[in-house]
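Student: I should like a close look at a single part of this model. Please set it within the whole chain as you go.

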Amino acid sequence: MTGGHSHSHAPVTATGRHRQRLVIVVAITASIFVIQVIGGLASGSLALLADAGHMLTDSTGLVIALIAATLATRPATSARTYGLQRVEVLAAMVNGLLLTGIAVWVLVQAIERWNQPADISSGLMLVVAVVGAVANTVGLLILRGGKDESLNLRGAYLEVLGDLLGSLAVIAAALIITFTGYTRADSIASLLIFVMIIPRAFSLLRDVVDVLLEATPRGTDLDQIRQHILEVDGVTDVHDLHAWTITSGVPVLSAHVVVTADCLAEGRTGQVLDRLGECLGEHFDVEHCTFQLEPEGHSAHESSHHA
């Protein structure tokens with residue numbers, strides 16, 4: 001016997017719930033990118049250009065996230081039973097790759113600038129960096145409310161945080177150049193930006209890989225879930241227990257649940273399904289649950305690959 005329980009299958013993803021935040025931050029980052037490019041070229045600062053390049057990946061990644069959030073709301077079809085919700089995860093992957101690419105560019109340019117220091121207008125460099133720092137602070141405040149729900153918002157938040165730290169590094173470099181004339185401080189600031197980008201890029205890509213490989217969601221203990229299922233009245237065993245993530249905020253769980261002969265004969269399977277769904281919803285925040293109820297001994301006729 002097969003049964004399912006779900007509170008709602010409406011394709012409302014975590015990123016979609018915070019769409020307006022992304023729109024506002026896209027406008028901010030795009031504007032600051034233009035200012036930093038102009039300021040970097042005019043002042044001769046590689047650190048400003050590096051921060052502008054990072055800002056470009058922010059803007060591009062946010063636009064991708066917005067497009068993905070829109071596609072994710074399209075209804076499911078018989079060919080794509082979860083719609084296009086996982087497009088959000090692919091967008092986060094592209095964002096992580098963009099971060100990695102810009103980090104490599106910053107590293108190469110910083111090494112070249114170290115060997116061949118250039119004249120830098122530290123005053124203009126300082127003004128542009130301060131403007132960038134203020135804008136990034138505003139962006140962080142906007143994204144903070146959704147960063148724990150969506151991979152895309154988390155990626156955007158981490159990128160803007162990196163931009164803020166990068167702007168602070170550029171401000172420090174500008175001050176050093178102004179008061180000491182040590183122009184290699186610009187290269188040092190660029191290298192600091194590189195160091196800040198790489199760990200965040202790898203962290204985001206790691207989370208994306210976990211979703212694509214359908215790893216058990218973080219914070220989900222399958223042993224505890226198994227124990228809770230076994231505590232439901234009428235349940236004697238559970239196997240083929242799997243938990244994975246479709247996209248940010250959409251965890252999924254399925255299991256084959258063995259029930260007693262009395263439970264089947266008395267028609268209490270509906271009660272068992274309701275209790276299983278309530279249990280998981282209360283303890284594990286899993287809204288999309290599918291359970292196959294089986295009589296004792298049925299597993300002998302199934303594949304031996306049970307979990």
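In which helix is Val195 found?

Tutor: Val195 belongs to helix H7; helices are DSSP runs of H or I with at least four residues, strands are E runs of at least two, and both are numbered from the N terminus. The model is a predicted one, in which local features need pLDDT of at least 70 and side-chain atom pairs count only at pLDDT 80 or more, while totals for chains, interfaces and linings use all residues. Residues are numbered from 1 along each chain as its sequence is written, and side-chain values use heavy atoms, with hydrogens and water left out.

The protein chain as a whole has 10 helices and four strands, arranged from the N terminus as β-α-α-α-α-α-α-α-α-β-β-α-α-β. Of its 307 residues, 47% are buried (under 20% relative accessible area; exposed is over 50%, partly exposed lies in between; 1.4 Å probe, protein chains only).

Within that framework, H7 has 29 residues, and its first and last C-alpha atoms lie 42 Å apart, close to the expected 42 Å (1.5 Å times one less than the number of residues). For H5, with 22 residues, the expected span is 32 Å and the end C-alpha atoms are 31 Å apart, which agrees.

Val195 itself has a relative accessible area of 52% and is therefore exposed. Its C-alpha atom is 9.8 Å from that of Val106, although 89 residues along the chain separate the two. Elsewhere on the chain, Arg184 lies over the face of Trp114, at 5.0 Å from the ring centre; such a placement requires NZ of Lys or CZ of Arg within 6 Å of the ring centre and within 35 degrees of the ring normal.

H7 also takes part in the interior. In soluble globular proteins, nonpolar side chains tend to be buried together. The largest nonpolar core here has 39 residues, and Leu22, Met125, Leu143 and Val170 have the most contacts inside it (a core joins buried Ala, Val, Leu, Ile, Met, Phe, Trp, Tyr and Cys through side-chain atoms within 4.5 Å). Two or more residues of this core come from each of H2 (19–43), H3 (46–72), H4 (87–115), H5 (122–143), H6 (151–180) and H7 (184–212). The largest share, 11 residues, is given by H6. Leaving aside residues up to four places away in sequence, Val170 touches Ala47, Leu48, Met125, Ala129, Ala189 and Ile193 (contact means heavy atoms within 4.5 Å). A second core, separate from this one, has 20 residues, including Leu222, Ile225, Ile229 and Val259. As for H5, its buried residues include Met125, Ala129 and Leu143. Across the chain, of the contacts between residues at least 6 apart in sequence, 74% join residues at least 24 apart.

Beyond H7 comes Glu214, in the loop that leads to helix H8 (222–230). Most residues other than glycine have a negative phi. Glu214, which is not a glycine, has a positive phi near 55°. Its relative accessible area is 43%, so Glu214 is partly exposed. Asp240, in strand S2 (residues 235–247), likewise has a positive phi, about 50°, without being a glycine. Asp240, however, counts as buried because its relative accessibility is 12%.
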